[in-house]
Amino acid sequence: MTLNRRTFLASAAVASASLSAPMVMAQGRPKVVVIGGGAGGATAARYIAKDSDGAIDVTLIEPTRQYYTCFFSNLYLGGFWEYENLGHSYGTLATEYGINVVHDWAIGVDRDARTVTTAGGHTLPYDRLIIAPGIDFIDGSVPGWDISAQDSMPHAYKAGSQTQLLKYQVENMREGGTYCMVAPPNPYRCPPGPYERVSMVAHVLKERNPTAKILILDPKENFSKRALFEDGWSRHYNGMIEWIGPDFGGANVEVRPESMEVVVDGQVQAVDVCNVIPAQKAGRIAEIAGVTDGNWAPVTPTDMRSRIDPNVFILGDASAQGAMPKSGFSANSQAKVAANNVRADLTGSRVFPARYSNTCWSLIGTDDGVKVGASYEPGADQIESVSSFISQVGEDADLRRRTYEESIGWYEGITADIFG
Ligand code: FAD
């Protein structure tokens, strides 16, 4: 790392922060700015506002007026969930929690002056900053694909119109056609997400287009819940899904959006729908703020505080924290720990020991739900798993149905916890 004034000051500040957490003695109400109103950012904003009873001034910067969850977007693809039910607005956060919701893009962070600038021309001062922008894609990670190709080869890995487009393409695919997914390398948002998506696409094609084929091109040797997915695919969609791992060219893939072709280990193949999920990194504003260490933003495991600047916290997918998967559940869990620590910094309130948890449910077919999850605690250097569980192959149909129903209860609960 080259040392400039900012990084020097930041590392000096980290050193002093580790001796005693800085308590803000600012005049007036201390200010928290949150960048990103998703699972991490909106939860943190809500908990800080709620638990500080108006003692902290909270501003949430988020460009969209309606947030569409990626979680359950696969169920929408499969016809198990309505599009409208994926959308959530920020009205309650503003009216019931007094959060200043600014619909704008954060485009700059001056960590010396402690200000955030927005595309709309605002400069917002902060005492503590929370950065929770989710993911961006790594340019060039899938040769032939860039963001200008997302209309012909959608990623559908940021929800909303991309998910609608992919659903339209799947439902209107030529009879007997091929749906191809280019799966991402680790680490990425929602480890089981691509494989749940394939299950939901297969569910639709089995009904509407039973001679269609699904091809997964995967750079990874293995994937989340693999035994459960492969068992489910053979029971529900026998012969429809082909997984090509790195040994057979899954890591050597190029795409040609103009001609709708994929090139696997030099072999050209025509496809009808191509869902490209590129390699990922922290949302760009984290990089602009200078808090990333390469692709992700490292944090301390006790509080989600940036390792580069103690006045900054990073939540959710953008953070590099250790063992937790990049999920909405994780982001929500991390946000509550960070909110507790931000309040302690600014008002001297009590800090509780950090405890984190996560469960990822996936739907493989009708009423066939599976899950994987764990509890986590801060280790010496990063967040570590302390106990875990996973569904088993061969479970009875009633348990699978109850697991699916549990996931619906989780969706209702977590969206209320995020957006109020
Ligand atoms: P996000 O929720 O993406 O929020 C980031 C927000 O920041 C966005 O609203 C964005 O507009 C905003 N933003 C970005 N840049 C800026 C900027 N410069 N200025 C202002 N705002 C900005 N997780 C689960 O727990 N369970 C599931 O079942 C599940 N299923 C999934 C299925 C799929 C297909 C996918 C793709 C993901 C799934 N996930 C699931 C993962 C989950 O969606 C993410 O891990 C979660 O949304 C991460 O939360 P976040 O707050 O880090 O980012």
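The following legends describe close-up views of a predicted model.

**View 1. Helix α5, with its buried and exposed residues.**
In helix α5, which spans residues 161–171, the buried residues are Gln162, Thr163, Leu166, Lys167, Gln169 and Val170. These residues lie on the same side of α5, because the arc that they cover around the axis is only 165 degrees. Ser161 and Tyr168, by contrast, are found on the other side of α5, where they are exposed. The elements that cover the buried residues of α5 include two helices, α3 (73–78) and α6 (193–208), together with the strands β11 (178–182) and β17 (273–276).

**View 2. Asn74 of helix α3 and its surroundings.**
Asn74 belongs to helix α3, which is among the elements that cover the buried residues of α5. With a relative accessible area of 7%, Asn74 is buried, since the limit for that class is under 20%. The side chain of Asn74 is in polar contact with the side chain of Glu196, at 2.9 Å. When neighbours within four places in sequence are left aside, the residues in contact with Asn74 are Gly193, Glu196, Arg197 and Met200.

**View 3. The open sheet β14-β15-β16.**
Three strands make up this open sheet, in the order β14-β15-β16, and their pairing is antiparallel. At its edges stand β14 (253–256) and β16 (267–270), each of which pairs on one side only. From one strand to the next, the twist averages 25 degrees. Strand β15, which covers residues 261–264, runs antiparallel to β14 and is joined to that strand by four bridges. Within this part of the view, Val255 stands opposite Val262 of β15.

**View 4. The salt bridge between Glu261 and Arg256.**
The side chains of Glu261 and Arg256 form a salt bridge, with an N to O distance of 3.6 Å. Glu261 has a relative accessibility of 21% and therefore counts as partly exposed. Arg256 likewise counts as partly exposed, because its relative accessibility is 31%.

**View 5. The open sheet β22-β23-β24 and helix α10.**
The open sheet shown here consists of three strands in the order β22-β23-β24, with antiparallel pairing. Because β22 (356–365) and β24 (383–390) stand at the edges and each has a single partner strand, one side of each is left without a neighbour in the sheet. On average, and with direction ignored, neighbouring strands of this sheet are turned by 20 degrees against each other. Strand β23, which comprises residues 368–378, is joined to β24 by seven bridges, and these two strands run antiparallel. One residue to follow in this view is Tyr376, whose bridge partner in β24 is Ser385. Helix α10 (residues 397–419) packs on the sheet, where it touches β22 and β23, and the direction of α10 makes about 55 degrees with that of β23.

**View 6. The buried salt bridge between Arg111 and Asp309.**
Among the 30 salt bridges that the structure holds, this view shows the one in which the side chains of Arg111 and Asp309 meet, at 3.1 Å from N to O. Arg111 is located in the loop between β6 (106–110) and β7 (115–118), and Asp309 in the loop between β19 (297–298) and β20 (312–314), so this pair ties together parts that are 198 residues apart in sequence. Both partners lie within the buried class: Arg111 has a relative accessible area of 6%, and Asp309 has a relative accessibility of 4%.

**View 7. A salt bridge within helix α8, and a salt-bridge network.**
The side chains of Glu287 and Arg284 meet in a salt bridge with an N to O distance of 3.1 Å. Because Glu287 and Arg284 are three residues apart in helix α8 (residues 284–288), they are separated by about one helical turn. Each of these residues is partly exposed, with a relative accessible area of 33% for Glu287 and of 45% for Arg284. A further set of residues, namely Asp231, Arg235, Asp368, Glu395 and Arg400, is joined into one network by salt bridges that share partners.

Terms used
Residues are numbered from 1 along each chain as its sequence is written. This is a predicted model: local features need pLDDT of at least 70, side-chain atom pairs count only at pLDDT 80 or more; totals for chains, interfaces and linings use all residues. Side-chain values use heavy atoms; hydrogens and water are left out. Buried means under 20% relative accessible area, exposed over 50%, partly exposed in between (1.4 Å probe, protein chains only). The arc is that of the directions from the helix axis to the C-beta atoms. Contact means heavy atoms within 4.5 Å. A polar contact is a pair of N or O atoms within 3.5 Å; within protein, one must be able to donate a hydrogen and the other to accept it, and residues adjacent in sequence count only if both atoms are side-chain atoms. Two strands pair if DSSP finds at least two bridges between them. Axes are lines fitted to C-alpha atoms, for helices over the stretch in contact, and angles run from 0 to 180 degrees between N-to-C directions. A salt bridge is a side-chain nitrogen of Lys or Arg within 4 Å of a carboxyl oxygen of Asp or Glu.
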